Amino acid sequence: MDLEWALQWGWSVLNACLYLLLQPFYYISILIVALGYRRQMLLERKLFHTRIHSWAAETWRVVWSGLLAGMALSALGMFVSVHLNPTSIVCLWIATLLLMLVRVRYLCLAYSVGLLGVVQFFLNVASGWQPGGALGTSVAAIRGLDIPALLVLVAVLHVAEALLVRWQGGKAAMPLFVEGKRGRLVGGYRMEDLWPIPLLLLVPAQGGFMLPWTPLFGGDAGTGYMLAALPVLMGFSSVTLGQLPRQKAVLTSNRLLLYSVALLLLSLLAAWWSPLILLAALFSFLAHEALIWYGNIEESRLSPMFVHPEQGMRVLAVLPDSPATAMGILPGEAIYRVNGMVVNSRAELHQALRINSAFCKLEVRNLQGESKFVQRGMYDGDHHQLGVVLAPDEHAGWAVSIQPASIYRIVAMHIGARRRKAEQASKAESTHLDTMDQ
């Protein structure tokens with residue numbers, strides 16, 4: 001009996017994995033991730049004339065970490081059965097893709113499941129409405145969705161997302177030059193990560209293998225089960241001007257965990273008492289939006305971190321495998337003295353580095369104003385600016401407009417940067433012409 005059960009289990013896993021490979025949604029999600037990182041690399045080259053991240057390496061990072069998360073969540077999902085069928089899966093993905101057309105971050109299941117839960121509630125209120133054709137099939141699929149179980153899945157997915165954000169949230173953070181409240185350029189970071197998650201979910205099926213336990217939403221102990229493939233995409237997007245990326249990632253992770261616990265409790269209560277399904281569905285996407293809204297309000301109240309101090313040059317980012325990395329220079333620190341010379345501009349930094357082309361001594365100050373002294377030999381091929389990306393000054397030629405990413409911007413490689421010098425020159429010329437006209 002144990003051997004027969006193991007064979008049934010192995011065949012079900014193999015069948016679900018093959019079905020996952022045949023589904024286009026998983027590959028669509030990987031393509032979206034790759035295009036997003038490709039767009040980021042183009043923006044880095046535009047702003048800093050160098051590449052800080054590799055789009056291929058970053059894509060592979062989120063794919064394999066998403067695969068690990070999918071394996072862990074699939075193992076946990078063996079104790080939770082979801083009433084899904086191929087039509088329901090297609091329905092979920094169509095809703096997700098339609099939301100993606102508005103904003104890429106709406107790819108999150110918190111939005112699609114929550115909105116489908118609201119739609120299901122009103123469809124059940126209008127129980128006498130039974131359309132025919134494709135619309136009728138869609139309505140039947142939405143009415144058949146197991147919203148409480150799907151909301152439990154969303155909550156568990158966000159626990160995994162919180163852990164991934166804490167683990168990898170700052171690795172692909174991209175430095176930016178943006179305009180502050182008074183039009184002055186300041187440095188900041190855009191943090192965007194999307195993880196494709198291949199899930200294998202336990203669903204009730206006639207003639208499926210029998211489990212030695214009863215899943216949470218599985219009904220009778222004698223019900224047969226099968227594994228269904230459900231690829232999902234989850235991630236987060238944030239911009240920070242007043243915090244280090246690592247600090248922002250930890251804060252976001254903590255809030256996602258609180259959101260996950262609250263949604264999990266609501267979903268379990270909704271499974272026990274059905275009138276709470278509407279409340280849980282609304283909480284799924286409204287609370288998610290509230291987290292983003294609160295984070296933006298909080299960020300607007302912080303003073304910009306990446307601006308130059310009165311003495312020294314603030315470091316916005318450090319290039320990998322550069323002299324600055326070898327010397328332990330960190331983002332947020334300020335280069336105060338180079339080869340004995342106080343530096344307050346890029347020109348002074350280059351002049352100080354030429355004092356001794358073979359060796360470099362630096363005095364670097366951290367955010368608390370404490371000094372540390374570092375030194376290193378300089379070699380052929382080393383970055384001319386030690387491999388640091390400095391905070392912007394009045395001579396910076398490009399600025400980035402902070403706008404929510406859309407699928408159009410990603411596919412069209414619209415990087416959202418504009419040339420400031422050309423704009424300033426145009427304004428000056430326009431002013432000159434107005435004066436002549438007068």
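**Close-up views of a predicted model**

**View 1. A nonpolar surface patch.** W11, L14, L18, L21 and Y27 form a nonpolar patch on the surface, together offering about 550 Å² of accessible area. Patch residues have over 30% relative accessible area and no salt bridge; nonpolar side chains (Val, Leu, Ile, Met, Phe, Trp, Tyr) are joined within 5 Å, like charges within 9 Å. A salt bridge is a side-chain nitrogen of Lys or Arg within 4 Å of a carboxyl oxygen of Asp or Glu. Areas follow the Shrake-Rupley method with a 1.4 Å probe; for residues, only the protein chains shown count as cover.

This is a predicted model: local features need pLDDT of at least 70, side-chain atom pairs count only at pLDDT 80 or more, and totals for chains, interfaces and linings use all residues. Residues are numbered from 1 along each chain as its sequence is written, and side-chain values use heavy atoms, without hydrogens and water.

**View 2. Helices behind the patch residues.** Helix α1 (residues 2-22) gives the most to the nonpolar patch, with four residues. Y27 lies in helix α2 (residues 24-48). Helices are DSSP runs (H or I, at least four residues), numbered from the N terminus. Y27 counts as partly exposed because its relative accessibility is 42% (buried is under 20%, exposed over 50%, partly exposed in between; 1.4 Å probe, protein chains only).

**View 3. Packing of α5 and α9.** Helix α5 (residues 109-125) packs with helix α9 (residues 277-300) at an angle of about 145 degrees, axes 8 Å apart. Axes are lines fitted to C-alpha atoms, for helices over the stretch in contact; angles run from 0 to 180 degrees between N-to-C directions. Residues of α5, including Y111, L115 and F121, meet α9 residues, among them L282, F285 and I292 (contact: heavy atoms within 4.5 Å).

Methods: Helix = DSSP H or I, 4+ residues; strand = E, 2+ residues; numbered from the N terminus.
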